[in-house]
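Open the structure in a viewer and keep the selection box at hand. The tour below says what to select at each stop and what is found there.

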Amino acid sequence: MKTNFLVIHVKGQRSREAFIEQQLAALDMPYSYILDGNKEDLTPEILDTWFSGEMHSVGPAASCTYKHLLACQHIVDNDLDGALIIEDDLRFYSRFKNFFMKSLDEIRTLHADEPLITNYEESSLMLVPRSKRIKGKVLHLASRDRFAGCYYVNRTAALTILSFVREHKTDVPIDRLHSLLTEKGLINYYWSYPCLACQCSCDGTMPTMIPTRPRPLKRLKWLYKRIYKHLLYSLR
């Protein structure tokens, strides 16, 4: 499969650049940055073409979503079978490469003709219930998104996303757009088991670049919640 890693990155964020590059070097996987689409790049024409509602404004949410759309365009323009799209605060778990390569084999042999997105991250703490885990399989069909920090999108799904947004525009961020397209039956969405990565801005080890309300003790709360969720999903 002709694939690549595409890194969603805000130009000028040197610490995040160093953080992700160190990990990518260890994985020894080809990658490219998606650098266009910073807030200052969001012209009225871009906003009019891609966004509506609250997203039709210059801000972090529109910038992030536009970068993800540019990643889809990169797949199409470079004739890739697909790409792993990651955000630059992502921490890969030690088992990532082994299970990711297994998932690509599953895509190749079981899902080659589908428009699909496969999500690998633990950031949302939404897991595959034990009763739905299939022995020997990494990917499990889901009904909604699981954030947008680490997901593979194939060429067919990239074309579907771009076509939908060009026709209808989007008034929601990229992860909720993925859920919308899944609900409409336009793409198939899969969750990995086990989870293979986590956004540091979600687990509290790195500040988020999209303003939110203050969350004291975020790291500690996330760790406790992680233990609880893993126990809960193991009983389902």
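## Stop 1: Strand E7 and its partners

Select strands E3 and E7, which pair in the antiparallel sense over five bridges. The model on the screen is a predicted one. In E7, look for valine 153, the bridge partner of alanine 83.

Now add strand E5, residues 116-119. E5 is joined to E7 by three bridges, and the two strands run antiparallel. Here threonine 118 stands opposite tyrosine 152 of E7.

Is E7 enclosed or open? Five of its five residues are buried, so E7 is largely enclosed by the rest of the structure. Turn the strand to see both faces, which are covered. Cys150, Tyr152 and Asn154 lie on one side, Tyr151 and Val153 on the other, and all are buried.

## Stop 2: Strand E8

Keep E5 and select E8, residues 188-192. E5 and E8 run parallel and are joined by four bridges. Then add strand E6, residues 139-142, which pairs with E8 in the antiparallel sense, also over four bridges.

Which residues stand opposite tryptophan 191 in E8? From E5, asparagine 119 does; histidine 140 does too. Four of the five residues of E8 are buried, so this strand is largely enclosed by the rest of the structure.

## Stop 3: The nonpolar cores

In soluble globular proteins, nonpolar side chains tend to be buried together. To see an example, select Trp50, Val153, Ile161 and Leu177. These four touch the most other members of the largest nonpolar core, which has 42 residues. Strands E1, E3, E7 and E8 each supply at least two residues of this core, and helices H2, H3, H5 and H6 do likewise. H3 gives the largest share, seven residues.

A second core, of 23 residues, lies apart from this one. Select Phe92, Phe100, Leu104 and Leu139, which are among its members.

Go back to leucine 177 and show what surrounds it. Leaving aside neighbours within four places in sequence, leucine 177 is in contact with Ile161, Phe164, Val165, Thr170 and Val172.

## Stop 4: Histidine 9 and aspartate 88

Select histidine 9, in the loop between E1 and helix H1. Is histidine 9 buried or exposed? Its relative accessible area is 2%, so histidine 9 is buried. Setting aside neighbours within four places in sequence, its contacts are Glu17, Tyr33, Ile34, Leu35, Asn38, Lys67 and Asp88.

From there, move to aspartate 88, one of those contacts. The side chain of aspartate 88 meets that of arginine 16 in a salt bridge, at 3.0 Å from N to O. This pair links distant parts of the chain, 72 residues apart: aspartate 88 is in the loop between E3 and strand E4, and arginine 16 is in helix H1. Aspartate 88 counts as buried because its relative accessibility is 3%. Arginine 16, at 8%, also counts as buried.

## Stop 5: More salt bridges

Side chains of opposite charge can pair when their charged atoms come close. How many salt bridges does the structure hold? There are nine.

Select arginine 155 and aspartate 79, whose side chains meet in a salt bridge at 3.7 Å, N to O. They too link distant parts of the chain, 76 residues apart, with arginine 155 in helix H5 and aspartate 79 in the loop between H3 and E3. Arginine 155 is partly exposed, with a relative accessible area of 27%.

Next, select arginine 108 and aspartate 105, which form a salt bridge at 2.6 Å, N to O. Because they are three residues apart in helix H4, about one helical turn separates them. Arginine 108, at 40% relative accessibility, counts as partly exposed. Aspartate 105 is partly exposed, with a relative accessible area of 40%. Finally, select Arg91, Asp203 and Arg219, which are joined into one network by salt bridges that share partners.

## Stop 6: A patch on the surface

For the last stop, show the surface and select Leu217, Leu220, Tyr224 and Ile227. Together they make a nonpolar surface patch of about 480 Å². Leucine 220 is in helix H8, residues 218-235. Leucine 220 counts as partly exposed because its relative accessibility is 42%.

Definitions and conventions:
Residues numbered from 1 in each chain as written. Predicted model: local features only at pLDDT ≥ 70, side-chain atom pairs only at ≥ 80, totals over all residues. Heavy atoms only, no water. Patch = residues over 30% accessible without salt bridge, like charges linked within 9 Å, V, L, I, M, F, W, Y side chains within 5 Å. Areas by Shrake-Rupley, 256 points an atom, 1.4 Å probe, with all protein chains shown as cover. Salt bridge = Lys/Arg side-chain N within 4 Å of Asp/Glu carboxyl O. Buried < 20%, exposed > 50% of the residue type's maximum accessible area, 1.4 Å probe, protein only. Core = buried A, V, L, I, M, F, W, Y, C linked by side-chain atoms within 4.5 Å. Contact = heavy atoms within 4.5 Å. Pairing = 2+ DSSP bridges.
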